[in-house]
Amino acid sequence: MSENILKGIPAAPGIVVGRAFVFGREDLDVAPVAITEEQVPLEISRFEDALIQTRQEIIALQKKIAQDMGSEHGEVFDAHLLVLEDRMLIEEVISRVKKEKLNIDYIFSQVLKRYAQVFSKIEDEYLKERISDINDVGRRILRNLLGKMRKGLAELEDEVIVVAHDLSPSDTASMHKNRVKGFVTDIGGKTSHTAIMAKSLEIPAVVGLETATAQIKNGDVVIVDGSSGTVIVAPDAETLKKYQVQEEKLKDLTQTLGALKNLPAATLDGRPVTLAANIEFPDEIPSVLEHGADGVGLYRTEYFYMNRKDLPTEDEQFEAYRNLATNFADKPVIVRTLDLGGDKFISQFNLPKEMSPFMGWRAIRFCLGRPDVFKTQLRAILRASAFGNLKIMFPMISGIEELRRAKEIVEEAKEELKKRQVAYNSKIEIGAMIEVPSAALTSDLLAREVAFFSIGTNDLIQYALAVDRTNEKIAYLYEPTHPAVLRLVKNVIEAGHRAHIWVGMCGEMSSEPSLAILLLGLGLDEFSMPSASLLEIKNVIRSVTYETARGIAEEALSLSTGIEVNTFLTGRLKEILPHIYGD
Ligand code: PEP
Ligand code: MG
């Protein structure tokens with residue numbers, strides 16, 4: 001087989017070589033085989049054995065996930081165990097085997113398909129989720145019937161490159177970091193949740209390949225170059241050598257950058273900036289500290305609500321936020337309130353399907369509509385604020401009324417705690433994410449009512465340019481360097497500074513070296529990003545003067561297209577750090 005080069009969207013940097021594991025495409029097509037009357041009881045007992053074996057596997061898996069990630073993450077498997085006890089499903093299989101006299105594997109696969117069809121027609125998110133539970137367990141039973149081990153992402157035995165059409169938030173959350181060397185998907189964009197998760201897990205990844213699952217087979221040797229978005233299937237010896245050399249170079253660079261960990265993030269002429277980390281899980285704390293972050297600029301709390309059946313309680317959230325607060329001592333930790341919706345769905349709320357989820361009932365809109373959920377989280381953050389330097393940040397603010405209403409609810413939460421005589425920081429700072437164009441354009445008005453801004457370019461770009469951030473077909477239009485984006489960012493920074501508040505950025509844009517120089521020149525105060533990118537950006541900031549960066553920003557803003565700006569900025573970066581970014 002000759003090598004096959006696939007081009008996709010770079011999602012998480014790094015180069016890895018490994019064997020492919022094509023995930024989620026286990027075949028449900030089993031051929032029918034006639035059986036005799038005498039074989040019927042045998043088939044039924046085979047089925048019962050498979051059910052028992054599957055039950056044992058799920059319980060073991062549940063234990064493992066609970067140990068690795070906390071008991072609430074194991075709860076998702078309770079629903080899987082319930083499927084195994086579904087009398088209707090089991091009886092339908094047994095009675096059809098008796099009647100049709102066909103092998104039980106075939107009958108079972110047919111019953112599964114029928115269930116999937118029936119459930120897929122139901123307009124109910126909760127029941128839709130049940131299809132994936134039934135399919136998941138069904139495939140597992142089928143594999144046991146067929147005598148093969150089912151492999152899920154949390155129970156891989158070998159180190160693999162995962163190849164999938166898409167990965168759900170719960171798939172990525174349960175990835176066994178040590179076994180998944182890299183992953184590639186057919187769909188998704190640079191800032192879809194899968195890509196963001198890959199970066200925080202520090203797993204090289206390429207998304208939006210469109211045909212990866214069609215072109216890559218289980219066991220194929222693949223190279224994943226997450227920095228350039230290239231995937232090479234069945235590479236020849238020469239290509240392998242080339243990538244091994246590059247991999248070594250990357251390792252050397254990582255080592256060199258390690259020396260910057262305790263040095264200040266300041267320009268050559270002494271302008272300091274804050275370099276903070278974006279996190280999805282509290283267990284990323286060691287990695288954040290290892291990369292020398294000045295704190296957490298964005299804690300995406302919605303992952304707390306995933307892979308579980310119930311909602312996290314106030315106490316449970318309090319424990320997690322307090323843990324963060326104490327680990328970072330006086331360094332700031334910005335807790336973003338629940339930002340569900342878009343491509344991050346949580347089954348507990350049983351939300352109706354929307355035509356445009358990114359523009360729908362999401363984030364702060366949802367929280368204002370469900371003050372019970374919102375206030376539970378706010379009380380937990382407030383209680384934890386007594387233990388460190390926590391700040392609250394609201395996502396998706398689109399105008400001043402929303403901001404005021406959200407702040408009122410914070411006040412109500414404070415009152416409730418006061419009545420309970422529970423300690424909290426009464427002066428806790430509140431900030432707004434600026435990720436909707438209306439907020440960016442009215443940032444002068446918003447700036448009067450918050451302590452800080454954090455620009456969420458992942459969303460801001462998609463709304464400003466009308467480009468769905470998860471859609472690989474239009475990824476070429478998703479341009480952080482588009483003049484419209486640059487003008488919006490500039491406007492927000494200037495409005496913030498006029499009101500004497502600091503302005504940060506927690507969208508992926510701040511972790512791109514060439515863009516970091518531009519943002520520095522525009523006066524950005526805080527850069528928040530996946531921790532793996534922090535030292536690279538620190539190196540860039542330490543290699544220019546503020547004066548130079550300002551000149552670069554000014555020139556970039558005079559250009560007319562995203563491509564022109566991009567070419568200009570990458571050119572300047574090469575001049576500034578030729579040994580790293582030169583050809
Ligand atoms: C953003 O939109 O830039 C952001 C940081 O939030 P998220 O990626 O979680 O939507
Ligand atoms: Mg966002």
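Trainee: In this predicted model, how far is an oxygen atom of ligand 1 from a polar backbone atom of Gly-456?

Mentor: Gly-456 is listed among the closest of the 15 residues that surround ligand 1. The contact in question joins a polar backbone atom of Gly-456 to an oxygen atom of the ligand. A polar contact requires N or O atoms within 3.5 Å. The distance here is 3.3 Å.

Trainee: Which residue has a polar side-chain atom 2.7 Å from an oxygen atom of ligand 1?

Mentor: Two side chains may be considered in turn. Asp-459 places a polar side-chain atom 3.0 Å from a ligand oxygen, which does not match the value in the question. The residue with a polar side-chain atom at 2.7 Å is Arg-469.

Trainee: What percentage of the accessible area of ligand 1 does the protein cover?

Mentor: The reference is the area that ligand 1 has on its own, namely 290 Å². Of this area, the protein covers 99%.

Trainee: What is the angle between the ring planes of Phe-452 and Trp-502?

Mentor: The model contains 10 aromatic pairs. In the pair formed by Phe-452 and Trp-502, the ring centres are 4.7 Å apart. Planes under 30 degrees apart count as stacked, and this pair is stacked, with an angle of 5°.

Trainee: How many residues apart in sequence are the parts that this pair ties together?

Mentor: Phe-452 belongs to strand 14 (residues 452–455), whereas Trp-502 belongs to strand 15 (residues 502–505). The pair therefore ties together parts of the chain whose separation in sequence is 50 residues.

Trainee: Is Phe-452 buried or exposed?

Mentor: Its partner Trp-502 has a relative accessible area of 25% and is partly exposed. Buried means under 20% relative accessible area. Phe-452 has a relative accessibility of 0%, so Phe-452 is buried.

Trainee: Which strand contains Ser-528, and with which side chain does the side chain of Ser-528 make a polar contact?

Mentor: Ser-528 is placed in strand 16 (residues 526–530), and its relative accessibility of 0% makes it buried. A polar atom of its side chain lies 3.3 Å from the backbone oxygen of Ala-277, but that partner is a backbone atom. The side-chain partner, at 2.7 Å, is Asn-278.

Trainee: What is the C-alpha to C-alpha distance between Asp-225 and Pro-13?

Mentor: Asp-225 is part of strand 7 (residues 221–225), and at 6% relative accessibility it counts as buried. In sequence, Asp-225 and Pro-13 are 212 residues apart. In space, their C-alpha atoms are separated by 7.2 Å.

Trainee: Which residue has its backbone nitrogen reached by the side chain of Asp-225?

Mentor: The side chain of Asp-225 takes part in a polar contact of 2.9 Å with Ser-228, but there the partner is a side chain. The contact with a backbone nitrogen has a distance of 3.0 Å, and the residue is Ser-227.

Trainee: Where does Ile-474 lie, and how far apart are the C-alpha atoms of Ile-474 and Arg-140?

Mentor: Ile-474 is found in the loop between helix 18 (457–465) and helix 19 (483–498). With a relative accessible area of 23%, Ile-474 is partly exposed. Beyond four places in sequence, Ile-474 touches Val-467 and Asp-468. Arg-140 is 334 residues away along the chain, and the distance between the two C-alpha atoms is 36 Å.

Trainee: How many residues of helix 14 are buried?

Mentor: Helix 14 comprises residues 371–384 and reaches 19 Å between its first and last C-alpha, close to the 20 Å expected. Its buried residues include Phe-374, Leu-378 and Leu-382, and the buried residues pack against elements including helix 12 (314–328) and strand 11 (332–336). The helix is mostly covered, and of its 14 residues the number buried is 12.

Trainee: What distance separates the end C-alpha atoms of helix 5?

Mentor: Helix 5 (residues 104–120) has 17 residues, among which Ile-104, Tyr-115 and Phe-119 are buried. At 1.5 Å a residue, the helix should span 24 Å. The separation of its end C-alpha atoms agrees with this expectation, being 24 Å.

Methods
Residues numbered from 1 in each chain as written. Chains lettered and ligands numbered in written order. Predicted model: local features only at pLDDT ≥ 70, side-chain atom pairs only at ≥ 80, totals over all residues. Heavy atoms only, no water. Helix = DSSP H or I, 4+ residues; strand = E, 2+ residues; numbered from the N terminus. Expected span 1.5 Å × (residues − 1). Buried < 20%, exposed > 50% of the residue type's maximum accessible area, 1.4 Å probe, protein only. Contact = heavy atoms within 4.5 Å. Near = heavy atom within 4 Å. Polar contact = N/O pair within 3.5 Å; in protein donor to acceptor, adjacent residues only side chain to side chain. Areas by Shrake-Rupley, 256 points an atom, 1.4 Å probe, with all protein chains shown as cover. Phe/Tyr/Trp six-rings, centres within 6.5 Å; stacked < 30°, edge-to-face > 60°.
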